[in-house]
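Me: Please justify the terms applied to the structure below. I should like each value set against its definition.

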Amino acid sequence: MSFELETASHPENLRRVAIEPVSRVEGHGKVTLLLDDDNRVHQVRLHIVEFRGFERFIQGRPYWEVPVMVQRLCGICPVSHHLAASKALDMVLGARLTPTAEKVRRLMHYGQILQSHALHFFHLSSPDLLFGFGSNVASRNVVGVIAAAPETAKKGVLLRKYGQEVIRMTAGKRVHGTGSIPGGVNKSLAAEERESLRKDIYQMVAWSREAVQIIRSLFEKNLAEYNAFGRFEAQSMSLVRADGAMDLYHGGLRARDATGKLLFDHFDYGRYWDVIAEEVKPWSYMKFPFFKNQGPEHGWYRVGPLTRVANCDFIPTPLADRERQQFLAYDGGSAAGATLGYHWARMIEMLHAAESIKDLLNDDDVVGTDLAAPPGQRQERGVGVIEAPRGTLIHHYRVNENDEVIRANLIVSTTHNNQAMNEAIRQVARQYLDGHEVTEGLLNHIEVAIRAFDPCLSCATHALGRMPLEVAIVSRDGTPVDSLMRDARGVCTRA
Amino acid sequence: MTGTFTLDGREIAFEPGQTVMQAALAAGVFVPHLCYHPEFRPHGSCKLCTMKINGRPATSCTMPAVAGMEVESDTAEINDKRRMLVQMLLVEGNHFCPSCEMSGNCKLQALGYTLGVMTPHFTHFFPDRPVDASHPEMLLDFNRCILCELCIRASAEVDKKNVFALSGRGMKKHLVVNAESGRLADTDFAATDKAAEVCPVGVILKKRRGFAVPIGKRTYDIKPINEQAERFKPVAPTVREKA
């Protein structure tokens with residue numbers, strides 16, 4: 001398959017610009033652009049250049065180790081992997097969760113959504129949105145946000161902290177806990193833990209509502225730019241509950257085409273391979289998933305907050321649902337199709353997570369003692385799907401009669417969005433870079449588009465302002481023409 | 001012989017037949033160890049309990065207590081050596097604490113914390129040691145074996161089954177299952193055997209139990225190992241004395 005700007009017809013005559021920051025989280029991302037002498041863009045690619053190998057090295061390991069091991073894929077959303085693996089292994093064991101187990105897992109998951117969305121918006125993306133995509137790099141970071149808007153920054157930090165506390169009390173640790181086990185959980189909330197969380201949850205709901213208004217007002221101020229920035233039409237997929245409600249923990253798969261027409265609905269994710277296949281491209285370690293019946297060229301889609309908010313029939317918490325309706329109706333529905341609309345949808349989900357935590361804390365099942373279900377009819381294969389902060393996450397395992405994992409397939413959120421992220425950065429390259437001299441500010445526009453999807457890539461984390469970044473322009477004969485260097489302090493110099 | 005000796009300047013009383021380590025543990029003084037188990041005869045192989053006794057290094061688990069001894073244990077010099085021993089054990093096997101179900105209950109990990117192991121220091125061996133999951137109730141993860149021989153001793157002396165043995169020499173020494181196939185399923189090993197409960201690390205594991213105890217309630221979450229001397233107090237008679 002080929003897409004416009006994916007592969008230049010004569011790359012040998014073009015100069016190559018690489019945006020290659022070094023990862024400080026778990027991902028290594030790189031963007032390359034091929035430009036001609038007039039700075040016209042001919043090729044843009046987002047490469048994922050790391051190879052993790054988790055699917056291989058869990059082979060032969062006992063299945064109960066998997067939820068704890070695979071969460072090490074990520075330091076930002078390990079809970080998602082922890083729970084998706086647990087759900088897959090529930091299926092292997094034939095276990096039906098007790099009410100306490102399911103609600104404690106949901107609580108853990110909503111804590112994860114809350115902390116990750118707060119981190120994504122306030123720490124990583126708000127510097128671009130508050131100061132401008134091409135603003136002074138020295139202050140375009142979270143420290144700059146703290147200086148310019150200390151109250152906003154403080155709320156962002158405390159929202160994230162609260163989510164981390166929910167995770168700590170349900171999983172045992174803020175990062176990489178062990179709370180969810182195949183067939184249930186190993187702890188519920190102690191009465192004092194429940195009370196300490198309940199004490200602050202109303203404040204979290206209020207701050208989440210304010211966060212929705214922050215991104216809404218940014219859209220209002222910059223409507224034309226935000227609507228057009230990296231905009232592209234795409235198909236979508238997410239989990240929905242049986243009644244069509246948003247459900248980030250469990251449900252059936254729903255997909256729509258770019259016009260909103262249903263492609264499939266309430267599809268049993270236990271057979272996801274009937275509707276999704278993956279393609280490998282030689283220039284990236286990340287696969288390209290697509291809807292099987294449409295083929296790789298036309299079957300790509302996007303996942304994540306924007307998709308989930310638009311894809312469901314309603315959000316089952318009242319404040320978030322009201323915001324959803326306003327979001328979908330805003331400017332004739334334009335924000336709901338914009339790449340930067342991801343941030344708005346993300347804040348609506350954060351509000352939903354806060355409301356859901358409040359409801360769960362008022363449910364006595366979260367302090368129950370019936371933690372694990374007895375095993376039922378054992379199966380060889382298990383699939384667990386969850387809506388992780390950045391999109392649909394699929395874990396698929398086969399376990400032999402000796403309890404060893406013999407095969408694993410993980411399709412993570414970023415993978416589903418692979419083609420979509422490439423489309424977004426190509427669109428930005430066309431809009432902002434084509435025909436212009438390359439500057440750090442212009443290159444940051446590309447990273448702004450990536451950050452709308454996924455802060456797990458290294459190029460998205462450099463919003464912290466400390467990520468070393470080198471942009472080099474090399475002529476056809478290999479001689480260096482120009483280069484920009486940003487050091488670990490965020491200072492840019494031209495060599 | 002009864003009497004007292006001094007351990008790091010503290011007077012320790014001992015009973016007839018007690019070793020320095022037994023007397024120290026009985027007095028509530030923790031002594032780092034891996035191959036020692038209160039129900040088994042001293043083995044003296046892990047060397048972590050080494051102390052300076054009257055100025056000379058010796059394994060305190062095998063050294064009979066003698067009145068008037070002057071013993072040094074909790075000193076920077078001796079703990080440096082102990083830390084190095086733990087580091088060597090950590091690189092010799094595949095010890096991945098983040099995903100190990102014995103994390104929080106593992107003596108090797110607990111000693112690593114207590115002795116201040118901050119890095120592996122040595123180059124990892126990364127040995128290739130397959131898991132034996134053939135038994136319906138038990139799993140063997142040889143990656144974590146530290147060759148303490150407690151399972152061998154328990155199986156031979158208490159269970160009377162001889163399920164485990166060491167094979168190979170020197171660097172190639174490794175734990176094996178005493179069966180023609182080499183598989184645990186082809187032995188009469190049972191989850192109720194003494195050998196099923198003595199492993200100080202994460203080699204011999206009951207299946208489908210991993211991670212059932214939450215973080216915060218595991219053995220060494222509650223108190224560090226060096227504050228749990230009472231867990232290792234000698235029980236009398238020892239297996240050897242019974243025999």
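Reply: The following exchange concerns the two domains of chain B and the nonpolar cores. This is a predicted model, in which local features need pLDDT of at least 70, side-chain atom pairs count only at pLDDT 80 or more, and totals for chains, interfaces and linings use all residues. Residues are numbered from 1 along each chain as its sequence is written, chains are lettered from A and ligands numbered from 1 in the order in which they are written, and side-chain values use heavy atoms, without hydrogens and water.

Me: Why is the pair Arg41(B) and Glu157(B) called a salt bridge?

Reply: A salt bridge requires a side-chain nitrogen of Lys or Arg within 4 Å of a carboxyl oxygen of Asp or Glu. The N to O distance for Arg41(B) and Glu157(B) is 2.8 Å, so the pair qualifies. The rule finds 2 salt bridges across the interface of domain 1 and domain 2 of chain B.

Me: What makes domain 1 and domain 2 of chain B count as being in contact?

Reply: Contact means heavy atoms within 4.5 Å. By that criterion, 19 residues of domain 1 of chain B are in contact with 20 residues of domain 2 of chain B. The bounds, 3-74 for domain 1 and 81-223 for domain 2, come from an automatic or database domain assignment.

Me: How much area do domain 1 and domain 2 of chain B bury between them?

Reply: The figure is about 1,600 Å², 61% of it on carbon and sulfur atoms. Buried area is the accessible area (1.4 Å probe) that two parts lose on being put together, summed over both. Leu34(B), Phe40(B) and Leu48(B) supply 43% of the area that domain 1 of chain B buries against domain 2 of chain B.
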